[in-house]
Amino acid sequence: MTSPLVASTVADLDDALAPFDAARGSGQGTDRPRRAVVMTMGALHEGHLTLVRRARELVGPDGQVVVTDFVNPLQFGPDEDFDRYPRDLDGDVRLLTPEGVDVVFAPQLDEMYPDGDALVRVSAGSLGTILEGAARPGHFDGMLTVVLKLMHLVRPDVALFGEKDAQQLLLVRRMVRDLDVRTDIVGVPIVREPDGLARSSRNAYLSDDERIRARALSAALGASSAVAEAGGSPTDVVAAAADVLNAADGVVVDYLALVDPTTVEDLTLAGSVASGPALLLVAARVGSTRLIDNTTVRLA
């Protein structure tokens, strides 16, 4: 197994990407090798590795897979855990080595933001002010800013994002469309633990007791899916999840919403068109740890 090249500066990244760029410059059409990127904040787990494996499938053995490993301060609020966020680049590289990753871009803070806080940022617009955006003001502006920067630096043909961060995925797709970024965006299904808990770097913050309590999130989503399959209304679907969460000790819900998977319109509002696929989103605190999860249901 060959370890991926680790680039810590933009110059190092350019050097790492240059041979592939030169090789694919002679390709034509479907014969042109492709580059995929998986953007992470490190502290990698099986969910991230699933994205990496899917990236390799998409670009094939002759393509190039780049993983970015950068804890982006712009998407952390003043009361959030930027300094506490787990960092383990050596461990991340060890996990990525058997996956055939070609390049890991792991810049320091002053490399990404040499002038300090970025004065010009991407705005998430109205979609960035609801649900997760309402709970974490400015989060999506910071996320989109770093995603766009990394797309410019890596120049990928395809970028992969986990469907666990559903609103993030929607906003990235919208940014790429609205700003004419020539990168395909691919969503990869949620990876779950055997007990149903969605894989997340923040799971490491949970105590053994809190981890048991956190199962209520996936249990609530499962209950709502059963109600939807039985033909329940949007209100019934949300109520089924709410019943599970309200009965769970030590789980404090930030939001629970059933929305259109494209527009994020609340499907429980009067006048909403409530048929076909819908996205049920939940965010909750278990102890001091904030978790998010979601599932797709089909409304009759």
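Which residues line the largest cavity? In this predicted model, the answer is K164, L197, A198, S200, N203, L217, L291, I292 and D293. Below is a quick tour of the overall build, the two domains, the empty spaces and a couple of single residues.

**Overall build**
- The protein has nine helices and nine strands.
- Its radius of gyration comes out at 20 Å, close to the 19 Å that the globule rule gives for 300 residues, so the protein is as compact as a globular protein of that length.
- If you want a feel for the outline, the C-alpha atoms fill a box of roughly 55 × 40 × 40 Å along the principal axes.
- Buried residues account for 52% of the 300 residues.
- Take the contacts between residues at least 6 apart in sequence: 71% of them join residues at least 24 apart.

**Two domains**
- The domain assignment splits the protein into domain 1 (5–188) and domain 2 (201–299).
- On the domain 1 side, 20 residues take part in the contact, and domain 2 puts in 17 residues.
- Measuring from centre to centre of their C-alpha atoms, domain 1 and domain 2 are 27 Å apart.

**The cavity**
- There is one cavity of 30 Å³ or more in the structure.
- The largest cavity holds about 50 Å³ of space.
- Strand β9 is the top contributor to the lining of the largest cavity, giving three residues.
- Sorted by class, that lining has five nonpolar, two polar and two charged residues.

**The second largest pocket**
- This pocket has a volume of about 450 Å³.
- It is lined by 22 residues, and those closest to its centre are A166, L169, L170, R173 and P261.
- Three elements give two or more residues each to the lining: α7 (166–178), β8 (276–286) and β9.
- Of these, helix α7 gives the most, with seven residues.
- The lining is a mix of eleven nonpolar, five polar and six charged residues.
- Both domains have a share in this pocket: domain 1 (5–188) and domain 2 (201–299) each supply at least three residues to the lining.
- Strand β9 therefore turns up twice, since β9 gives two or more residues to this pocket and three residues to the lining of the largest cavity.

**Residues to look at**
- T289 sits in strand β9, which covers residues 289–299.
- Is T289 buried or exposed? T289 has a relative accessible area of 1%, under the 20% cut-off, so T289 counts as buried.
- Setting aside neighbours within four places in sequence, T289 is in contact with R202, Y205, L206 and A284.
- R174 belongs to helix α7, the helix that gives the most to the lining of the second largest pocket.
- R174 has a relative accessibility of 39%, which falls between the 20% and 50% cut-offs, so R174 is classed as partly exposed.
- How far from P19 is R174, and how many residues separate them along the chain? Their C-alpha atoms are 31 Å apart, with the two residues 155 places from each other in the chain.

Definitions and conventions: Residues are numbered from 1 along each chain as its sequence is written. This is a predicted model: local features need pLDDT of at least 70, side-chain atom pairs count only at pLDDT 80 or more; totals for chains, interfaces and linings use all residues. Side-chain values use heavy atoms; hydrogens and water are left out. Helices (H or I, at least four residues) and strands (E, at least two) are DSSP runs, numbered from the N terminus. Buried means under 20% relative accessible area, exposed over 50%, partly exposed in between (1.4 Å probe, protein chains only). Contact means heavy atoms within 4.5 Å. On a 1 Å grid over the protein atoms alone, a cavity is a set of points where a 1.4 Å probe fits but cannot get out, and a pocket is an open set with protein on both sides within 12 Å along at least five of seven lines; lining residues have an atom within 4 Å of a point. Grid points are joined across faces, edges and corners, and a volume is the space filled by probe spheres set on the points. Ala, Val, Leu, Ile, Met, Phe, Trp, Tyr, Cys and Pro count as nonpolar, Asp, Glu, Lys and Arg as charged, and the others, Gly among them, as polar. Domain bounds come from an automatic or database domain assignment. The radius of gyration is taken over C-alpha atoms; the globule rule is 2.2 Å times the number of residues to the power 0.38.
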